[in-house]
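I opened this entry to look up ring contacts and enclosed spaces. The notes follow the order in which I checked them.

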Amino acid sequence: MSSWILVVDDDAANLRMASQILSGEKMRVSCMKSGEDAIKFLQGNKPDLILLDIHMPGIDGFETLAAIKKNEDTADIPVIFLSADDDSEAESRGLKEGAMDFIKKPFVPGVLLLRVKHIIELVRLQTDLSTEVEKKTQQVVEQHQRLEKMLIQIVMTLSSAIDAKDTYTNGHSTRVADYSREIAKRAGLSEEQQNDIYMMGLLHDVGKIGVPDTIINKPSKLTDDEYDVMKSHPVKGETILKTITEFPQLLIGARSHHERYDGKGYPDGIAGEDIPMEARIIAIADAYDAMTSKRSYRDALAQSTARSEVEKGSGSQFDPEFAGIMLDMIDEDEDYQMRER
């Protein structure tokens with residue numbers, strides 16, 4: 001496919017010479033005698049390259065170049081400036097404003113052809129590379145989306161398996177994940193952070209896989225030894241999740257969701273903002289769902305009772321900011337939908 005060149009010069013002799021040189025190489029050539037004519041021509045045409053004289057009556061080459069670059073339909077057309085002057089300042093300005101090369105007049109046929117062919121080939125290579133990059137990027141994005149979807153399905157399956165260990169709790173992990181994401185959203189966290197917290201919420205109790213069912217489902221009060229085994233599930237959860245190196249933050253919720261804002265929690269006894277933010281969010285969501293779900297030793301609490309406990313624990317058990325958000329969510333839940341159904 002032959003290249004199409006637009007030559008813009010107020011000198012008819014220069015136009016004829018450029019046309020003869022380029023046409024001899026089977027290039028299609030269009031000629032314009034002014035910047036104004038070139039701009040009008042480009043309203044309905046898009047050549048592969050423009051040879052543009054700097055010094056012309058009316059609008060000069062710099063003004064014409066500015067108009068070309070301003071128009072999104074022509075901005076990507078490569079421009080080579082033509083000049084009879086040996087002016088390094090003009091050359092520097094032209095390159096800065098978007099010209100790709102300079103050619104001295106009068107034309108040396110071999111130099112003109114070489115420069116034109118070089119620029120056209122360079123632009124074509126750039127276009128091909130850009131197209132290939134876009135194609136590969138799209139493939140990567142689609143692959144990432146497939147992997148992300150698969151990860152979510154695996155995590156959902158695993159969280160269902162965790163919840164199935166507790167005879168009295170149905171959907172606990174999913175509700176904790178939902179509440180956690182809503183708290184994160186209301187706290188102004190980014191969509192990516194919200195999604196990460198949702199995943200952490202789904203797996204916050206993964207360590208219970210290592211706790212015997214007899215302890216999890218015991219209808220009476222746990223002995224001290226049994227309670228110690230139950231309290232081991234955050235560390236067990238961290239051990240399970242730390243093998244997922246591509247999503248290292250997953251283990252944050254598992255290890256730290258039983259820490260308390262006042263430092264009296266476990267397993268590390270850390271306090272305040274030393275507790276990871278995600279764990280502080282999951283902690284309030286987990287505690288609220290525990291209160292509003294049927295347990296092996298009691299029925300679900302009334303909404304007012306759960307609200308009172310959240311309010312009472314603000315600043316001691318819970319981060320006061322996230323406890324305040326949970327209280328707002330409870331107050332908005334007039335039909336008491338936020339509970340085990």
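**Rings, charges and cavities**

I began with Phe102, which counts as buried at 13% relative accessibility. The cut-off for buried is under 20%. I kept in mind that the model is predicted.

Next I looked up the partner of Phe102. Phe81 and Phe102 form an aromatic pair with centres 5.4 Å apart and 55 degrees between the planes, which makes the pair tilted. I then placed the two residues: Phe81 belongs to strand E4 and Phe102 to strand E5 (residues 101-104), so this contact ties together parts 21 residues apart in sequence. For Phe81 I noted a relative accessible area of 0%, and Phe81 is buried.

I asked how many aromatic pairs the structure holds in total. The count is four. Among them is the pair of Phe62 and Phe81, with ring centres 5.3 Å apart and planes at 70 degrees, so I entered the pair as edge-to-face. Here too the contact links distant parts of the chain: Phe62 sits in helix H3 (residues 61-70) and Phe81 in strand E4 (residues 79-83), 19 residues apart. I found both Phe62 and Phe81 to be buried.

Taken together, Phe62, Phe81 and Phe102 are linked by ring pairs into a cluster.

I then checked for charges over rings. The charged end of Arg93 sits over the ring of Phe62, at 3.9 Å from the ring centre. I also recorded Lys231, which lies over the face of Tyr266, 5.1 Å from the ring centre.

Last, I turned to the cavities. I counted two cavities of 30 Å³ or more. The largest has a volume of about 100 Å³. Its lining has 10 residues, and those closest to the cavity centre are Asp163, Asp166, His172, Asp205 and Lys208. How does the lining of the largest cavity divide into nonpolar, polar and charged residues? I recorded six charged, two polar and two nonpolar.

The second largest cavity has a volume of about 50 Å³. I listed its lining as Glu259, Arg260, Tyr261, Ile275, Ala279, Arg280, Ala283, Gln317, Phe318 and Asp319. By class, the lining of the second largest cavity divides into five nonpolar, four charged and one polar.

Key. Residues are numbered from 1 along each chain as its sequence is written. This is a predicted model: local features need pLDDT of at least 70, side-chain atom pairs count only at pLDDT 80 or more; totals for chains, interfaces and linings use all residues. Side-chain values use heavy atoms; hydrogens and water are left out. Rings of Phe, Tyr and Trp (its six-membered ring) pair if their centres lie within 6.5 Å; planes under 30 degrees apart count as stacked, over 60 as edge-to-face and the rest as tilted. Helices (H or I, at least four residues) and strands (E, at least two) are DSSP runs, numbered from the N terminus. Buried means under 20% relative accessible area, exposed over 50%, partly exposed in between (1.4 Å probe, protein chains only). A charge sits over a ring if NZ of Lys or CZ of Arg is within 6 Å of the ring centre and within 35 degrees of the ring normal. On a 1 Å grid over the protein atoms alone, a cavity is a set of points where a 1.4 Å probe fits but cannot get out, and a pocket is an open set with protein on both sides within 12 Å along at least five of seven lines; lining residues have an atom within 4 Å of a point. Grid points are joined across faces, edges and corners, and a volume is the space filled by probe spheres set on the points. Ala, Val, Leu, Ile, Met, Phe, Trp, Tyr, Cys and Pro count as nonpolar, Asp, Glu, Lys and Arg as charged, and the others, Gly among them, as polar.
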